[in-house]
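Dear colleague,

Please find the structure below, together with its sequence. My notes on what was found follow directly after it.

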Amino acid sequence: VQLMESGGGLVQAGGSLRLSCAASGIIFSVNDMSWYRQGPGKPRERVAAISSGGSTNYADSVKGRFTISRDNAKNTVYLQMNSLNPGDTGVYYCRCISNPTWGKGTLVTVSS
């Protein structure tokens, strides 16, 4: 399994970013996918998940601001992040829920 996250960067508070994660080595369409993040000095936490059927759930801290989606034709999962605040700063990772592999992540930095 290989996971390649992209789309991170530096953004001002209130701004938006769209993260992408291209997956290979799995039958993407039948797998549930998730996004995690790890802020400075914090444990890794799951922020969003999407089932193979498209059902989604979110951490309370991002609900209403983040949207997870998937494109099975492209083997890619996305995370649209709006109304970003400095607390969203961290390295963002995607993961196939049924597999322990982690990608290298993509860094999101939100300035105040």
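**A network of charged side chains**

At a relative accessibility of 15%, Arg65 counts as buried, because the cut-off for buried is under 20%. Please keep in mind that this is a predicted model.

Arg65 does not stand alone. Its side chain meets that of Asp88 in a salt bridge, with 2.7 Å from N to O. This pair links distant parts of the chain: Arg65 is in the loop between strand E6 (56–58) and E7, whereas Asp88 is in the loop between E8 and E9, 23 residues apart. Asp88 is buried as well, with a relative accessible area of 1%.

Asp88 also forms a salt bridge with the side chain of Arg37, at 2.8 Å from N to O. Here, too, distant parts of the chain are linked: Arg37 belongs to strand E4 (residues 33–38) and Asp88 to the loop between E8 and strand E9 (90–96), 51 residues apart. Both Arg37 and Asp88 are buried; for Arg37 the relative accessibility is 6%.

Which side chain meets Arg37 in a salt bridge of 2.7 Å? It is that of Glu45. Glu45 is partly exposed, with a relative accessible area of 32%. Taken together, Arg37, Glu45, Arg65 and Asp88 are linked in a network of salt bridges, and the structure holds four salt bridges. As general background, side chains of opposite charge can pair when their charged atoms come close.

**The sheet**

An open sheet of four strands has the order E1-E3-E8-E7, and its pairing is antiparallel. Strand E1 (2–6) and strand E7 (66–71) stand at the edges with a single partner strand each, so one side of each is left without a neighbour in the sheet. From one strand to the next, the twist averages 15°. In general, strands of a sheet pair through backbone hydrogen bonds, either parallel or antiparallel.

Within this sheet, strand E3 (residues 17–24) and strand E8 (residues 76–81) run antiparallel and are joined by six bridges. Which residue of E8 is the bridge partner of Cys21? The partner is Val77.

**The surroundings of Ser52**

Ser52 lies in the loop between strand E5 (45–50) and E6. With 34% relative accessibility, Ser52 counts as partly exposed. Leaving aside residues up to four places away in sequence, Ser52 touches Ser29, Val30, Asn31, Asp32 and Arg70. Ser29 is 23 residues from Ser52 along the chain, yet the C-alpha atoms of the two are separated by 6.0 Å.

**The chain as a whole**

How many helices and strands are there in the chain? There are zero helices and ten strands. The radius of gyration is 13 Å, close to the 13 Å that the globule rule gives for 112 residues, so the chain is as compact as a globular protein of that length. Along its principal axes, the C-alpha trace spans about 40 × 25 × 20 Å.

Buried residues make up 45% of the 112 residues. Among contacts between residues at least 6 apart in sequence, 54% join residues at least 24 apart. The chain exposes about 5600 Å², of which carbon and sulfur atoms supply 49%.

When you open the model, I suggest that you begin with Asp88, whose salt bridges include those with Arg37 and Arg65.

Yours sincerely,
Your colleague

Note on methods
Residues numbered from 1 in each chain as written. Predicted model: local features only at pLDDT ≥ 70, side-chain atom pairs only at ≥ 80, totals over all residues. Heavy atoms only, no water. Pairing = 2+ DSSP bridges. Helix = DSSP H or I, 4+ residues; strand = E, 2+ residues; numbered from the N terminus. Axes fitted to C-alpha atoms, helices over the stretch in contact; angles between N-to-C directions. Buried < 20%, exposed > 50% of the residue type's maximum accessible area, 1.4 Å probe, protein only. Contact = heavy atoms within 4.5 Å. Rg over C-alpha atoms; globule rule 2.2 N^0.38 Å. Areas by Shrake-Rupley, 256 points an atom, 1.4 Å probe, with all protein chains shown as cover.
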